[in-house]
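Grab a coffee and work through these short exercises with the viewer open. Try each task yourself before you read the solution.

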Amino acid sequence: YLYVSKFINPSTNMFRNYIKIAFRNLWKNKLSSLINIISLAIGLSASIVIGMMVYYDFTFDKFHPDGERTYRVASVYKDADGVSYNSGIPIPLVEEVEQNFTGVEETAFISMARPFNVIVNNGDQTVLEPEFVTYADQNYFNVFDYKWLEGTGKNQLLNPNEVVLTASRAKKYFPNRDLSQIIGKRLIYNDSINTTVTGIVADFEKRTDLVFQEFISNKTQPMGMQMQPNWRNVKTSSQLLVKLNKGVTAAMFQKQLDQTAIDHEDLEDKEKYGETRGFYAQPFLDLHFDENLSSFNYTVPNADKNVMIMLGVIALFLLILGCVNFINLNTAQASQRAKEIGIRKTLGSSKFQLIKQFLSETFFLTFIAGLISIVMAFWLIHIFSDFI
């Protein structure tokens with residue numbers, strides 16, 4: 001023990017001495033130390049808040065295994081006034097892509113809905129205007145990877161009057177039941193559409209624009225809600241999602257869409273209004289930032305990628321500015337420490353020891369500023385929560 005302590009205690013005492021001297025110097029120069037700490041804390045806190053905002057938007061839907069191969073097909077209209085976009089597609093395009101396109105692994109047709117009510121389990125409760133309900137076909141769960149808590153992904157939504165719920169929606173409708181007891185329960189939409197719960201999937205834990213909570217089989221749709229399947233009718237809520245085979249590029253898929261648009265061109269509108277319609281393969285990973293097409297949640301506007309990039313640059317600038325200001329203030333005080341440095345070198349301090357002393361003081365300042373900046377960041381996020 002004595003042999004070991006011979007080598008340990010000096011370094012421990014030296015570290016304590018560095019901290020003690022650092023604290024004394026900071027206390028001696030209270031005003032300059034306070035300015036140093038506050039200015040650095042402000043720069044750090046602003047950078048943290050802006051960085052969190054940018055990170056939040058840039059991490060949407062990055063967790064899907066095949067996200068880079070997934071696309072949403074949208075309609076594009078061109079006329080004398082310019083170009084306009086519609087996230088919907090004509091229904092016959094679904095069959096065209098399934099049967100005649102090459103390089104397509106999976107297709108999924110969804111039709112978003114907003115029921116005015118849903119009756120739970122023969123009248124246990126009635127929920128008005130449930131959000132994030134969609135009609136979907138059996139391929140939806142092949143395009144996107146959900147974790148099944150009850151039921152399996154196979155043979156889901158094949159038949160009329162089937163519905164799959166997320167765990168959170170299932171608990172909302174059946175709060176006092178285990179998930180296994182919810183399978184087979186009835187949900188009645190709009191007082192007339194009877195459905196049976198056939199599966200429950202886990203909610204996505206990470207950020208996503210796939211906000212759907214209830215998936216009703218497409219074959220359940222009342223005939224009055226469906227459009228006539230012709231190439232002229234386009235409904236925004238009727239959307240097509242595709243997953244391409246590995247090695248198939250977006251350009252290859254887009255070329256087939258362009259040819260399909262030519263083959264089914266609306267000559268009447270072209271002659272009468274000078275309008276042409278095409279189809280656009282929108283990358284799913286760009287869904288959150290696309291300024292031309294909304295995401296699946298119409299209540300929230302899409303983020304602006306250029307704005308997010310500029311905010312990131314501002315955060316970096318503020319961080320660098322805080323660091324430069326911190327260095328300048330410390331450099332300005334260096335001349336006041338010249339006598340101390342001379343005396344310590346005369347008494348035998350090495351250059352390395354002096355470096356460690358100044359680094360200890362810098363670490364002490366930075367550590368305090370960091371703690372303050374975290375508190376300020378939480379406060380700023382709370383203040384700006386209504387704006388972001």
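How much area does the chain expose, and what percentage of it do carbon and sulfur atoms supply?

Solution. Keep in mind that this is a predicted model. The chain exposes about 21900 Å². Carbon and sulfur atoms supply 59% of that area.

**Exercise 2. Work out how the chain's overall dimensions sit against the globule rule.**

Step 1: start with the expectation, which for a compact globule of 388 residues is a radius of gyration near 21 Å.
Step 2: look up the chain's own value, 31 Å.
Step 3: check the box, where the C-alpha atoms fill roughly 95 × 60 × 40 Å along the principal axes.
Step 4: add the makeup: the chain has 11 helices and 13 strands, and buried residues are 42% of the 388.
Step 5: take the contacts between residues at least 6 apart in sequence; 76% of them join residues at least 24 apart.

**Exercise 3. Find the largest nonpolar core and describe the surroundings of F296.**

Step 1: count the core's residues, and you get 22.
Step 2: pick out those with the most contacts inside the core: Y140, F141, Y146, L210 and F296.
Step 3: ask which elements feed it; β3 (104-113) and α4 (140-143) each supply at least two of its residues.
Step 4: go to another core, lying apart from the largest one, with 20 residues that include V163, A170, F174 and I200.
Step 5: return to F296 and skip residues up to four places away in sequence; its partners include R72, I110, M112, L210, F212 and F284.
As background, nonpolar side chains in soluble globular proteins tend to be buried together.

**Exercise 4. Decide whether N25 is buried or exposed, and find its partners far along the sequence.**

Step 1: locate N25 in helix α1 (residues 2-28).
Step 2: use the cut-off, under 20% relative accessible area for buried. N25 has 14%, so N25 counts as buried.
Step 3: leave aside neighbours within four places in sequence, and N25 contacts R337, E340 and E361.
Step 4: take E361, which is 336 residues from N25 in sequence yet 8.3 Å away in space, C-alpha to C-alpha.

**Exercise 5. Examine the phi angles of E129 and D191.**

Step 1: recall that most residues other than glycine have a negative phi.
Step 2: read phi for E129, near 45° and positive. For D191, phi is near 65°, also positive.
Step 3: place E129 in the loop between β5 (125-128) and β6 (133-136), and D191 in the loop between β9 (186-189) and β10 (193-201).
Step 4: check accessibility: E129 is partly exposed at 48%, and D191 is partly exposed at 48% too.

Terms used:
Residues numbered from 1 in each chain as written. Predicted model: local features only at pLDDT ≥ 70, side-chain atom pairs only at ≥ 80, totals over all residues. Heavy atoms only, no water. Core = buried A, V, L, I, M, F, W, Y, C linked by side-chain atoms within 4.5 Å. Buried < 20%, exposed > 50% of the residue type's maximum accessible area, 1.4 Å probe, protein only. Helix = DSSP H or I, 4+ residues; strand = E, 2+ residues; numbered from the N terminus. Contact = heavy atoms within 4.5 Å. Rg over C-alpha atoms; globule rule 2.2 N^0.38 Å. Areas by Shrake-Rupley, 256 points an atom, 1.4 Å probe, with all protein chains shown as cover.
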